[in-house]
Amino acid sequence: MGGPSGAPLLALLDVFLTPHQRQLPPGVLGRYRVLLGATGLLLVVNVLFLLGAPAYRSAYQPIHLAQGVFALVGYAVVLVLVRKGASPTPPALVLCSVLTLAYVIACFAVREAIMVSHATSMLLPMLAVYLLGARLGFIFAAILAFNAAVLQVLQRSDSGLELAFVSDPRIWKPKVAAGICVLLGWGLSWLYSTAREEAHTALEQAHTALEQAMMTLRESQGQLVSVFESTDDLVLSLDREGRLVTANRVLKMLFQQLLGREPQRGEPLLDMAPPSIKQDLQQRLERTLEGKRSRAEVAIPIGGKLRTLDITLSPVLGQGDRVMGATLFSRDITDRKEAEARLSELHRSLLDVSRQAGMAEVATGVLHNVGNALNSVNVSANLVFDRLQGLRLSGLSRATELLSANASRLGTFLTKDEQGRQLPAYLQTLSSQLTQEQQELLAELRSLRASVEHIKSVVSMQQQHARFSGVVEQVTVSELIDDALRLHAVSFERLGIQLRREYAEVPPVLVDRHRLLQILVNLLSNARHALLESTHGDKQLSIHVKQSGERLRIAVEDNGMGIAPENLARMFTQGFTTKKDGHGFGLHISALAAEEMGGCLTCTSEGLGQGATFTLELPTQPPP
């Protein structure tokens, strides 16, 4: 297609402009072109006028030649200013001034009424308004109107100047009308120029907005393409027929591995899918084109290895929520699946270790308490042995021997014999001593029996809990807490720890008895350590049990060493401990066990030396 019909003329005018002027906005460039075109035409006409003047000497006066030379010089100045100036306004002022002055001089030189209604009188205001604007153009229009309506009605006669409109209305009326027409011409030019400038401004604004929108669109498109190309996910879009619209490099690399070539735009992509997933993808695409989002995990053999892809199909909506196509996002989650499998296996192993650690913790408590009870048994047994060895049975034997030896004269012996008279008092004293020693031995034996019963109770309780490990059953929480306390009873008594139990009336809960006992023993053991290292004279341990909705709360509170604020968030982290001989495993295992039972284990403390509270929350009903 060719260019506009005026393109050669515009190219000819642009020859006189500098490269900078050719890059100016369309409005300014247009004024330059009109200025050059008008000046060039006037220059040609003026040269033809001067060349034809000698042939018509009788018709031309010297003033006409002077007018032509003056105009010629003015046009040359205009061309120079156009070439050298930075704005079209100065040369336009010169051009309009030269034309106006030359026209006024011609009107006075010709002295004919037709001159005031010459076409030049109408072209000048329009040219001035276009080149200089309405305000400056009005100056030249006013000069021309004043020339037609006022100056040209002055007629020269033999007696001098006289007002022609007074003497002859046929002379002044046309001239006044010509002046008014000049002003009307300026007004019409002003209206046209204003409308044109507004339209041009609106067009420029629209053009600027369009350029900005296109720039924003290109930037957004570039960013979108950059995102598509930089992601490691597979991204593509399809039309309603399932044909490929766009795809990123990951998809191309995948098809290069599967088929040995890259997919082309417009190809039916699902036809190239592996047979194992083709039908499933086709059904999902059909649901997506109905406006439904779909997600699935599919397995594809790639490079001799089965890879798992997470695929998401989403509809592309157009005007009126009409489905125009679909986008497919896919991510290779093979490594994540393998990691999840390894994590699941590690979790099962950790649970086994947790149970073993819990059993070891409970066994440690059992051995500790049994050891303490055995110490008491040993002390009591030694004391009984020493007391039995110290009984005064030899004196009793001698007394019985004296009685046997004097059996025939027992009355005389007890009344007359010196030894016989002392024997009743001796036997009475010996009886009192033996009775006292019997009571002391009975007390030691009762203590010994209590210690043996304690050992028996601890072992029996451990056997009971170990027998039902891993089974969910109804448990009375207060009784299980008392069992856990019994494991530490001797230690608490020896350390002078005051126990305070606040058990609310709560129904039995369905839990794993062994896991719950493991958590309680661990919490009580930590509280005992905290109170052991504390300098408080009043060592207190409080256990609170209450129910809130469908949650059961067991709080173990002590006034021991407390926990530093920076350590609170790490209390349940594996390997973290504040004990010198700790392994950092107990609280971590307890937290895992609580989560597995559908609950949680939390810790609060106001700081070092302020004690700590561990709260175990469990559901009243076990999780599925």
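Here are four short exercises, with worked solutions, on a predicted model.

**Exercise 1. The sheet with S9**

Work out the strand order of the sheet that contains S9, and find which strands stand at its edges.

*Solution.* Begin with the order: 5 strands form an open sheet, arranged S9-S11-S12-S14-S13, and the pairing is mixed. Next, look at the two ends. Strand S9 (498-503) and strand S13 (600-604) each have a single partner strand, so one side of each is left without a neighbour in the sheet. From one strand to the next, the twist averages 15 degrees.

Now zoom in on one pair. Strand S11 (residues 540-548) and strand S12 (residues 551-558) run antiparallel and are joined by 8 bridges. As an example, Gln 547 has Leu 552 in S12 as its bridge partner.

Finally, add the helices. H18 lies across S11, S12, S13 and strand S14 (612-619), and runs at about 20 degrees to S12. Helix H20 (residues 586-596) also packs on the sheet, where it touches S13 and S14; its direction makes about 135 degrees with that of S13.

**Exercise 2. A residue of H18**

Decide whether Arg 528 is buried or exposed, and list its contacts.

*Solution.* First place the residue: Arg 528 sits in helix H18, which spans residues 513-533. Then apply the cut-off: buried means under 20% relative accessible area. Arg 528 has 14% relative accessibility, so it counts as buried. Leaving aside residues up to four places away in sequence, Arg 528 touches His 488, Ser 491, Phe 492, Leu 495 and Ile 497.

**Exercise 3. The sheet with S4**

Describe the sheet that contains S4, and the helices that pack on it.

*Solution.* Start with the order, S4-S3-S7-S6-S5: this is an open sheet of 5 strands with antiparallel pairing. Its edge strands are strand S4 (244-247) and strand S5 (294-302), each pairing on one side only. Here the twist averages 25 degrees from one strand to the next.

Take S5 and strand S6 (residues 305-317) next: 9 bridges join these antiparallel strands. Among the partners, Ser 294 is matched with Leu 313 in S6.

Two helices complete the picture. Helix H10 (residues 249-259) touches strand S3 (234-239), S4 and S5, and its direction makes about 40 degrees with that of S5. Helix H11 (residues 275-289) touches S3, S5, S6 and strand S7 (323-332), with its direction at about 155 degrees to that of S5.

**Exercise 4. Cysteines**

How many disulfides does the structure hold, and how accessible are Cys 96 and Cys 600?

*Solution.* The disulfide count is 0. For the two cysteines, Cys 96 has 1% relative accessibility and counts as buried, whereas Cys 600, at 28%, counts as partly exposed.

Terms used:
Residues are numbered from 1 along each chain as its sequence is written. This is a predicted model: local features need pLDDT of at least 70, side-chain atom pairs count only at pLDDT 80 or more; totals for chains, interfaces and linings use all residues. Side-chain values use heavy atoms; hydrogens and water are left out. Helices (H or I, at least four residues) and strands (E, at least two) are DSSP runs, numbered from the N terminus. Buried means under 20% relative accessible area, exposed over 50%, partly exposed in between (1.4 Å probe, protein chains only). Contact means heavy atoms within 4.5 Å. Two strands pair if DSSP finds at least two bridges between them. Axes are lines fitted to C-alpha atoms, for helices over the stretch in contact, and angles run from 0 to 180 degrees between N-to-C directions. A disulfide is a pair of cysteine sulfur atoms within 2.5 Å.
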